[in-house]
Amino acid sequence: MTHPYDTILITGAAGRLGTELRRGLAPLARRLRLAARGPISDLAPNEEAVAFDLADADAVHAAAKGVDAIVHFGGVSVERPWAEILQSNIIGSYNIYEAARKHGVRRVVYASSVHAIGYHRLEDQIDTRAPHRPDSLYGLSKCFVEDLGQLYWDKFGLESVSLRIFSSFPEPADRRHLWSWLSFEDCNRLTAAALTAPRVGFTVSFGISDNAVKPVDNRLAGHLGYLPKDNTEAFRAAMEAKTPVPDPNAPAVQRLGGFFVELGHPDDAKV
Ligand code: 15L
């Protein structure tokens, strides 16, 4: 069987989405190198595991040796104190891009987030040219890594795709998810499209399923060929029956980032 890649490194491989990617990306590489902070025990024959902290530059460089593509889903995935965001998401992602450059990796696919643009309103129907508008230190770290991807394409010719993932969970868990949900299968489709599109340069794509309510316009990422197949309509009636109608003027309802826009500074209190 021929694969588009020989070895793909997946960071965050033990996480919610990383675990799904092991299955979804298996057809794209002879070997998946799974990176997590701890050991992964249930390895399939096409998988190998490496354990390290993303802030450890030497370990990141060692893991990137012999790799053709990096799918970078590691780091903290919610608002956290600054020290954690800095080490894990900012320094950690810099280490990934720098290791990719040094080791001649062909492409990086990065799990960015809706929280890079969380203060934009749904009714503005932004596309991927809208300016960053982070809603948290976490969102700010996503903006930094998107810019890192742009820099490494412009200056060093390293292709990358930033996927602004909205809400990727097994099922929609609240009313916001009725428009923000990204099914696990669509997340796999999107990541595979970002890896296999013939030419991406530096591309930003929203990561969202084909939900009836569409808060953003993803046409500028059309060249990835991502075609979402899932939507939340089957969950709508039950969700609306079991949850109160929210105040339409609440910032968390109006803005893409949801409740993140109402969080305080994470270093003031426990998030
Ligand atoms: C994210 O970026 C988080 O990783 C995830 O846990 C959710 O909070 C998601 O955004 C969301 O906004 O629903």
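These are my notebook entries on a predicted model, covering a helix, the ligand site, some aromatic rings and one asparagine.

**Ground rules**

I work with a predicted model, in which local features need pLDDT of at least 70 and side-chain atom pairs count only at pLDDT 80 or more, while totals for chains, interfaces and linings use all residues. Residues are numbered from 1 along each chain as its sequence is written, and side-chain values use heavy atoms, with hydrogens and water left out.

**Entry: helix α1 and R22**

I started with R22, which I found in helix α1, residues 16-24. Helices here are DSSP runs of H or I with at least four residues, strands are runs of E with at least two, and both are numbered from the N terminus.

Is R22 buried or exposed? R22 counts as buried because its relative accessibility is 11%. For the record, buried means under 20% relative accessible area, exposed means over 50%, and partly exposed is in between, using a 1.4 Å probe and protein chains only.

I then looked for the partner of its side chain and found the backbone oxygen of D42 at 3.1 Å. Leaving aside neighbours within four places in sequence, I listed the contacts of R22 (heavy atoms within 4.5 Å); they include I10, L32, I40 and E47.

R22 has company: L17, G18, E20 and L21 are also buried in α1. The cover over the buried residues of α1 includes the strands β1 (5-11), β2 (29-36), β3 (47-51), β4 (69-72) and β6 (159-165), along with α6.

**Entry: the ligand**

Next I went to the ligand, which has 13 residues around it. A residue is counted as near if one of its heavy atoms lies within 4 Å. S77, H115, Y138, S167 and R176 come nearest. By class, I noted six nonpolar, five polar and two charged residues in the shell. Nonpolar covers Ala, Val, Leu, Ile, Met, Phe, Trp, Tyr, Cys and Pro; charged covers Asp, Glu, Lys and Arg; the others, Gly among them, are polar.

Where do the ligand oxygens sit? I found an oxygen atom 2.5 Å from a polar backbone atom of S77. An oxygen atom of the ligand is also 2.8 Å from a side-chain N or O atom of S113, and the side chain of Y138 has an N or O atom 2.8 Å from a ligand oxygen. Taken alone the ligand exposes 320 Å², of which the protein buries 89%.

**Entry: aromatic rings**

I counted six aromatic pairs. Rings of Phe, Tyr and Trp (its six-membered ring) pair if their centres lie within 6.5 Å; planes under 30 degrees apart are stacked, over 60 edge-to-face, and the rest tilted.

W181 and F235 are edge-to-face, at 5.5 Å centre to centre and 65° between the planes. W181 is in the loop between α5 (177-180) and α6 (184-196) and F235 is in helix α7 (residues 233-242), so this pair ties together parts 54 residues apart in sequence. W181 is buried at 5% relative accessibility, whereas F235 is partly exposed at 23%.

F259 and F260 have ring centres 5.0 Å apart and planes at 50°, so I logged the pair as tilted. F259 is exposed at 51%, but F260 is buried at 8%. I also noted that ring pairs link Y97, Y152 and F156 into a cluster.

**Entry: N89**

Last stop was N89 in helix α3, residues 82-102, which counts as buried at 2% relative accessibility. Its side chain makes a polar contact with the side chain of S141 at 3.1 Å. Such a contact is a pair of N or O atoms within 3.5 Å; within protein, one must be able to donate a hydrogen and the other to accept it, and residues adjacent in sequence count only if both atoms are side-chain atoms.

How values were computed
Accessible areas come from the Shrake-Rupley method with a 1.4 Å probe; for residues, only the protein chains shown count as cover.
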